[in-house]
Amino acid sequence: MSELKTDVIHRGDCIEVLRSLPDASVDMVFADPPYNLQLGGDLLRPDNSKVDAVDDDWDKFGSFAEYDAFTRAWLKECRRVLKPEGSIWVIGSYHNVFRLGTAIQDLGFWVLNDIIWRKSNPMPNFKGTRFTNAHETLIWAARSREQKRYTFNYDALKAFNEDTQMRSDWTLALCTGEERIKDADGKKAHPTQKPEALLHRVLLSATKPGDVVLDPFFGTGTTGAAAKRLGRHYVGIERDETYAKVAEKRIKAVIPAAPEDLAVMGSKRSEPKVPFGALVEAGLLRPGDRLYCPRGEREARVRADGSLVSGSLSGSIHKLGALFENAPACNGWTYWRFKSDQGLRSIDALRAEIRAGMQ
């Protein structure tokens, strides 16, 4: 197979095009497949006006078995083209998401989360016969259960969410207003266009600048627009020429963010490991210096080997912290303080100095 070309929209059947792509060539897949809505007639509002529902041929399948065969075929190819540390996101509604989930697990993917996209402006249930369908579900999965590494920008998402851990329920509006692309007659260019805010969050969560994102159901190019804006590359597959042309025009108009504005909050887990003894070796702490618990009422002495001692107790910064707090474990880096001109400061500030020198 030839080398993967990026920032392109392939025209054609998604399964056939997927089979032409190189093995292990993309970092993430975002898939918004047909929902197989199984509509049984026109949907009318209380004033008898017709709702612009999804009744296109691409969403119609003869049976659940036919839909399942299609689903497994494209998912199998997506798994093949994912890099060993890649992940996949698949979105669906109650019509299809459970079938998607079964296929994902049967094919060897490992589910990491299901994300609930709660729509702040859902379409009402006009007949009043069911609950208002106010959400869709995204399945996020690693390529395999054995996969040890995948991109998850935890610290970036926490900063994005005002220093609060990001939850698995996201409240975002449907695609409306100026973002909704219309054709020459003023009608929706695509019936299920997703809001770019949703793709922004997905890409921010699970990709890095420069990564390649594959969307096998490209539609009007929301994935491509978000990818270009965030400094990622995209590979789109779309069989409808009208949708593909809309997507090309849309993406061409996107102004990408400056490279210096694309950096995300780094995770401490990915930073170089620094043993506490390195602070003693570097002279940032000396044997005999005192460290203090967060409130300052208890102290321990630093020893030359990087251990701490307090009376009859001794051990690593983590062990002694746990003993002080009578806890099963303790993060010594955030627990211990040293005296400075500004008062008690965390020893993690000294670790940061060592890391800065390593870089």
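Me: What covers the buried residues of helix H11?

Reply: The cover includes helix H8 (277-281), helix H10 (332-335), strand E13 (337-340) and strand E14 (343-346). Helices (H or I, at least four residues) and strands (E, at least two) are DSSP runs, numbered from the N terminus. This is a predicted model, in which local features need pLDDT of at least 70 and side-chain atom pairs count only at pLDDT 80 or more, while totals for chains, interfaces and linings use all residues. Residues are numbered from 1 along each chain as its sequence is written, and side-chain values use heavy atoms, with hydrogens and water left out.

Me: What puts the buried residues of H11 on the same side?

Reply: In H11 (residues 348-358), the buried residues are Asp348, Leu350, Arg351, Ile354 and Arg355. They lie on the same side of H11 because they cover an arc of only 155° around the axis, the arc being that of the directions from the helix axis to the C-beta atoms. On the other side of H11, Ala356 and Gly357 are exposed.

Me: Why does valine 212 count as buried?

Reply: Buried means under 20% relative accessible area, exposed over 50%, and partly exposed in between (1.4 Å probe, protein chains only). Valine 212 has 9% relative accessibility and therefore counts as buried. Its place is in strand E7 (residues 212-215). Leaving aside neighbours within four places in sequence, valine 212 has contacts that include Leu4, Val26, Met28 and Val235; contact means heavy atoms within 4.5 Å.

Me: How do you know that strand E2 and E7 pair?

Reply: Two strands pair if DSSP finds at least two bridges between them. Two bridges join E2 (residues 26-31) to E7, and these strands run parallel, so the definition is met. The bridge partner of methionine 28 is valine 213 in E7.

Me: Which strands are the edge strands of the open sheet, and what makes them so?

Reply: Eight strands form the open sheet in the order E1-E8-E7-E2-E3-E5-E4-E6, with mixed pairing. The edge strands are E1 (8-11) and E6 (169-172), each of which pairs on one side only. The twist averages 20° from one strand to the next.

Me: Why is H5 called oblique to H6?

Reply: Two packed helices are described by the angle between their axes and the distance between the axes. Axes are lines fitted to C-alpha atoms, for helices over the stretch in contact, and angles run from 0 to 180 degrees between N-to-C directions. The axes of H5 and H6 (residues 222-229) come within 9 Å and cross at roughly 55°. That makes H5 oblique to H6, since angles under 35 degrees count as roughly parallel, over 145 as roughly antiparallel, 65 to 115 as roughly perpendicular and the rest as oblique. Where the two helices meet, the residues of H5 are Glu196, Leu199, His200 and Leu203, and those of H6 include Thr222, Ala226 and Arg229.

Me: How do you know that strands E9 and E10 pair?

Reply: Three bridges join E9 (residues 290-292) to E10 (residues 299-302), and the two run antiparallel; the requirement for a pair is therefore satisfied. Tyrosine 292 stands opposite glutamate 299 in E10. The hairpin of E9 and E10 has six residues between the strands, and glycine 296 there takes a positive phi near 85°. E10 also forms a hairpin with E11, with five residues between them, where glycine 306 in the turn has a positive phi of about 90°.
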